[in-house]
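Please open the structure in your viewer, set it to a cartoon with side chains available on demand, and follow the selections below in the order given.

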Amino acid sequence: MQTKYYEPTFVIGGRLPKGADLLESLSDICIKQEVTVGTVMVIGAVNRAVFSYYDQATKSYIDHPPIEEGMEIVSATGNISLKNGVPFVHMHVIYSGADGKCVGGHLISGARVFSCEYFITLMKGLRLERVFDEETGLHLWKE
Ligand code: ZN
């Protein structure tokens, strides 16, 4: 595995509107801002929480049933690279409910924002391109 070096160059920050789709909104921002390499940090709340789990045995994502109630986004972090030449946001999320218990996994489309604050850090360095990896069944960064 070759280590690559990146230099943070710029940070975009903001708030997503109530009702927005968490992942789709962040993806739209990255495409619009032409972010090819970067990181994403999010905190906030949703009133519809979704996520999935990657089953390594079957090499497929299993979507958890949506949680249709107010949940905190305790933390959601991710990265931005290129997939098929287009900025692609890969995020993982931890939600907590009224009981303080956490659930989480791979963020998928469909999480509905109640409030959300984000920072996207753009980085300078070698481009990261996702390609299909036969061994894991995932689109991983090309060596
Ligand atoms: Zn993931």
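Begin by selecting R48 and E68 in this predicted model, where the two side chains meet in a salt bridge with an N to O distance of 2.9 Å. R48 lies in strand β2 and E68 in the loop between β4 and β5, so the pair ties together parts that are 20 residues apart in sequence. Both ends of the pair have some access to the surface under the 1.4 Å probe: R48 is partly exposed at 21% relative accessibility, and E68 is partly exposed at 49%.

Keep E68 selected and add R112, which forms a salt bridge with E68 whose closest N and O atoms are 3.8 Å apart. This second pair links distant parts of the chain, with R112 in strand β8 and E68 in the loop between β4 and β5, 44 residues apart. R112, at 34% relative accessibility, counts as partly exposed.

Which other pair should be selected among the four salt bridges? One of them joins E129 and R127, with the closest N and O atoms 3.7 Å apart. The two partners differ in their cover, since R127 is exposed with a relative accessible area of 57%, whereas E129 counts as buried at 18%, the cut-off for buried being under 20%. Returning for a moment to the earlier selection, R48, E68 and R112 are joined into one network by salt bridges that share partners.

Now centre the view on E129, which is placed in strand β9, residues 129–133. A polar atom of the E129 side chain lies 3.3 Å from the backbone nitrogen of G85, so it is worth displaying the backbone atoms there as well as the side chains. What else is in contact with E129, leaving aside its neighbours within four places in sequence? The contacts are L82, K83, N84, G85, L140, W141 and K142.

The next selection is the zinc ion, together with its protein donors, which are H90 through NE2, H92 through NE2 and H106 through ND1, at 2.0 to 2.1 Å from the ion. Along the chain these donors follow the spacing H-x1-H-x13-H. H92 lies in strand β6 (residues 86–96) and H106 in strand β7 (residues 102–106), so this pair ties together parts that are 14 residues apart in sequence. Are these two donors buried or exposed by their relative accessible areas? H92 counts as partly exposed at 43% relative accessibility, while H106 is buried, with a relative accessible area of 16%.

From the metal site, move to helix α1, which covers residues 22–32 and whose buried residues are L22, L23, S25, L26, S27, I29 and C30. To see what covers these buried residues, display strands including β1 (7–16), β2, β5 (71–83), β6 and β8 (112–124). At the N-terminal end of α1, select D21, which caps the helix with a side-chain oxygen 3.2 Å from the backbone nitrogen of L23. Beyond the helix, α1 is followed by E34, whose phi is positive, near 55°.

Select S60 next, a residue of strand β4, which spans residues 60–63. S60 counts as partly exposed at 30% relative accessibility, and its side chain is joined to that of T58 by a polar contact of 2.8 Å. With neighbours within four places in sequence set aside, S60 is in contact with Y53, Y54 and D55. For a separation that spans much of the numbering, add G137: its C-alpha atom is 7.7 Å from that of S60, although the two residues are 77 residues apart along the chain.

For the last stop, switch to a surface view and select V11, M41 and F119, which make a nonpolar surface patch of about 320 Å². M41 is placed in strand β2, residues 38–48, which is the strand that also holds R48 from the opening selection. M41 is exposed, with a relative accessible area of 52%, just as the tour's cut-off of over 50% for exposed residues requires.

Technical notes
Residues numbered from 1 in each chain as written. Predicted model: local features only at pLDDT ≥ 70, side-chain atom pairs only at ≥ 80, totals over all residues. Heavy atoms only, no water. Patch = residues over 30% accessible without salt bridge, like charges linked within 9 Å, V, L, I, M, F, W, Y side chains within 5 Å. Areas by Shrake-Rupley, 256 points an atom, 1.4 Å probe, with all protein chains shown as cover. Helix = DSSP H or I, 4+ residues; strand = E, 2+ residues; numbered from the N terminus. Donors = N, O, S within 2.8 Å, 3.2 Å for Na, K, Ca; no water. Contact = heavy atoms within 4.5 Å. Polar contact = N/O pair within 3.5 Å; in protein donor to acceptor, adjacent residues only side chain to side chain.
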